[in-house]
Amino acid sequence: MCSLIALQIREMGKNDKRALPEDVLVKISIFKDNWPMLRNNLRIRERKEKVLHEISDDILREARKIKEEAVEKLEENIEKLRRALESRGAELKIAKDGLEASRMVLKLCKEHNVKLVVKSKSLTTEEIELNRLLESEGVEVIETDLGERIVQLAGQRPSHILGPAFHMTRNEVAEVFSRYYGRTVPPDPHQIVLEVRREFREKYQKAGMAVTGANFIIAENGATVLVTNEGNDRLALAFAPIHVVIAGVEKIVSSTTDVLKILKILPRNATGQRLSSYVSFHIPMMNTYPRDDAAAPRKTIYILIDNGRLQARQDKEIKEILYCIRCASCLQVCPPYNIVGGHVFGYIYSGPMGIAWTMIAHGLDKTVFAQLCNTCGLCREACPLDIDLPYLNSIVKERYGKKYGYPSINKSLKKYESLITLASRAPSLSSKLLNSSFVRKSIEKFIGIDSRRPLPRLAEKNLGEIFTEIGSAEKGSIALFTEALIYYVYPDWAIKAAKILSALGYRVIIPSLKSSGMPLIQYGFLDEAREIAQYNVENLYDLIDKGYKVVSLEPTAQECLTNYYPKLLHGEKSRKVAENSYGYFEFLKMIGWREVTRVLKNLEGLYVTYHLPCHSKTRDGSIVVKEFLEALGAKVYFKRIGCCGLAGTWGMKKDGHGYDISVEIGRYLVGEYEKLGGEFIVTECSACLFQFQHLSTLPSRHPLQMIQLISSE
Ligand code: SF4
Ligand code: SF4
């Protein structure tokens, strides 16, 4: 495909009438095997690994507290800022929405006869689509951030909040500039920068106004803080007689000290730098460099935008998104976003943070791309401000579903447990039917499970039919929580898990519970998810009261018990269940590897590649299955890449709803794993195993399939 055509196709989503799955498929076909977003973001993640450990949890907690307080004290800070600005001769305006803010800028341009505006570092002006209004009134606008300039000339929106042109190759960038300058510009970044710099120098000198955004605005002294790697804000402000700052009201923080604390986090998380190349504190009404005759104080106007933020501040469910410092950590790790990019996984704001921000700033009807979030949870782990993005996303999906209707495919798949229970009534017949392409096509059509996705073979007897309890409670009692897949497909894993615990001195029961309900959370059916959570919590609470510990075999079940149920239910009982719930291997670690290895056969001579499932977390942050296998003597290869792409039922959804992105995510991951040297891929999540069985030439195993009790000899 001619790359110019490709460029035009890439600008999709916002004004396009195509359905989301079609956008997804087109984008996948363009990015296939190249994965520009993914590769760019992985490069940054590699750099970050060297510096992120320098930030303590205390610093992160303090940063969150600063933002919480700033949002809490917003009215007070606005007034403080107003006083600080007025004392310096600058002005503060508050715009209720994007149009009002853009009109304010246009009015200023008209009043001061401004024909050329240079812009720097302003995602908020993208939010309000300032350029469109100014250009329609004959004002030339030059984006001076190189990435922004590229997408401006290509007629696109940024696809990433920090790397606007991350989705483009250097050839495409050269093509954009060749077209713009009317001569060939080679695909050489250095050459491109020289060309752009030459043009910009002239524009900086001629511009009648500089518009910048703000990473922070300091209430106590009115300074605008800008963090960049190009320093273009300084050049934009050098000569311009008018400076307009456009930022959301949530960017105000109380003091310079607060900013300095957050600055320890921002560059490290954004680009893996300890400090960005330029951190500028712009004081209002500073003198410009002399242009014609003499230097004069630069007229400074702050336009702070509400555009839904003040309402979001009152909304307990989503308020925490206002703490976002736009570091882009969440975008760097989001698996579907990295496959399709921000033009599909986004509106103007993109990636994980873009879902709630789009609802706030542009309206719920623009959040249809939230369906691409598979609730892997990696963004929450990556966010330095500890914003629970996956849960916020589920809330957005719930609100969207209740107002505009849930996607029918999600309505079918939320019933996965009923479907699997029904099929398990006649397992052999079900498995036979699932081998028929006619049946699979019908399932694809009526339920939405992609016929290319292999389905698991049901066990002849489910777990409840063959196992209830084992062992004596010498060391304690355990309620083993499984998910539907283990219950109906791999009951022997649960039995082996129980036997190991029994050999270690525990009594193990399989309580009568429902599956965790993750698909309901994932697709935003939160009322139904709450019912399931309530049922499971009530039952487990009673057991905990009798002295049981809860041990989950599936990481997703554990994630629901410890993270989602307390959020859904808010009660003392769910909190207590969370406190007393452990992942299976986490629990073995608590018993002690020495004890555990005493009852299990050695795995020396075994070379495995370990995949860490997204929902696998431990209280001490350790990669516990890797430790377990190593304690048994296996050689374990490990590379932290991220999600395998299946995400339960999400990776089964037909076409661009899930399957195709899921396969792209998995293909990259498997390709990397196959280079590591293991003979098997090992992981403790049964859904991840399906993905590896589908995509990898290496055999894949659950750790419980790899181990044997010594006593079973
Ligand atoms: S939960 Fe996973 S898929 Fe969803 S937005 Fe976060 S990183 Fe992306
Ligand atoms: S949500 Fe968190 S990780 Fe994402 S941009 Fe905001 S602060 Fe950074």
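Reader: How many Å separate the centres of domain 1 and domain 2?
Author: In this predicted model, the figure is 46 Å, taken over C-alpha atoms. Domain 1 covers 56-309 and domain 2 covers 463-712, with bounds from an automatic or database domain assignment. Local features need pLDDT of at least 70 and side-chain atom pairs count only at pLDDT 80 or more, while totals for chains, interfaces and linings use all residues. Residues are numbered from 1 along each chain as its sequence is written, and chains are lettered from A and ligands numbered from 1 in the order in which they are written.

Reader: What makes α30 and α31 roughly antiparallel?
Author: Their axes (lines fitted to C-alpha atoms over the stretch in contact, with angles from 0 to 180 degrees between N-to-C directions) cross at roughly 175° and come within 9 Å. Angles over 145 degrees count as roughly antiparallel, and therefore α30 gets that label against α31. Helix α30 spans residues 555-569 and helix α31 residues 572-579.

Reader: Which residues make that contact?
Author: From α30 come Leu561, Thr562, Tyr565, Pro566 and Leu569, and from α31 Ser574, Arg575, Val577 and Ala578. Contact here is C-beta atoms, placed from the backbone, within 7 Å. By class, that gives six nonpolar, two polar and one charged residues.

Reader: Why are β8 and β9 called edge strands?
Author: Each pairs on one side only, where pairing takes at least two DSSP bridges between two strands. The open sheet has four strands in the order β8-β5-β6-β9, with mixed pairing. β8 is 252-253 and β9 is 278-282.

Reader: How do you know that β6 and β9 pair?
Author: Five bridges join β6 (residues 224-228) to β9, so the requirement of at least two is met. The two strands run antiparallel, and valine 225 has phenylalanine 281 of β9 as its bridge partner. Helix α12 (residues 232-239) packs on this sheet, touching β6 and β9, and its direction makes about 35° with that of β9.

Reader: What puts a residue in the shell around ligand 1?
Author: A C-beta atom, placed from the backbone, within 6 Å of the molecule does it. There are 16 such residues, with Cys334, Pro352, Cys373, Cys376 and Cys379 coming nearest. Elements that give two or more are α17 (335-340), α19 (378-382) and α20 (389-404). By class, the shell has twelve nonpolar, four polar and no charged residues.

Reader: And which residues come nearest to ligand 2?
Author: Cys324, Cys327, Ser329, Cys330 and Cys383, out of 13 around ligand 2. That shell has eleven nonpolar, one polar and one charged residues; cysteine counts as nonpolar here, alongside Ala, Val, Leu, Ile, Met, Phe, Trp, Tyr and Pro, whereas Asp, Glu, Lys and Arg are charged and the others, Gly among them, polar.

Definitions and conventions: Angles under 35 degrees count as roughly parallel, over 145 as roughly antiparallel, 65 to 115 as roughly perpendicular and the rest as oblique. Two residues are in contact if their C-beta atoms, placed from the backbone, lie within 7 Å.
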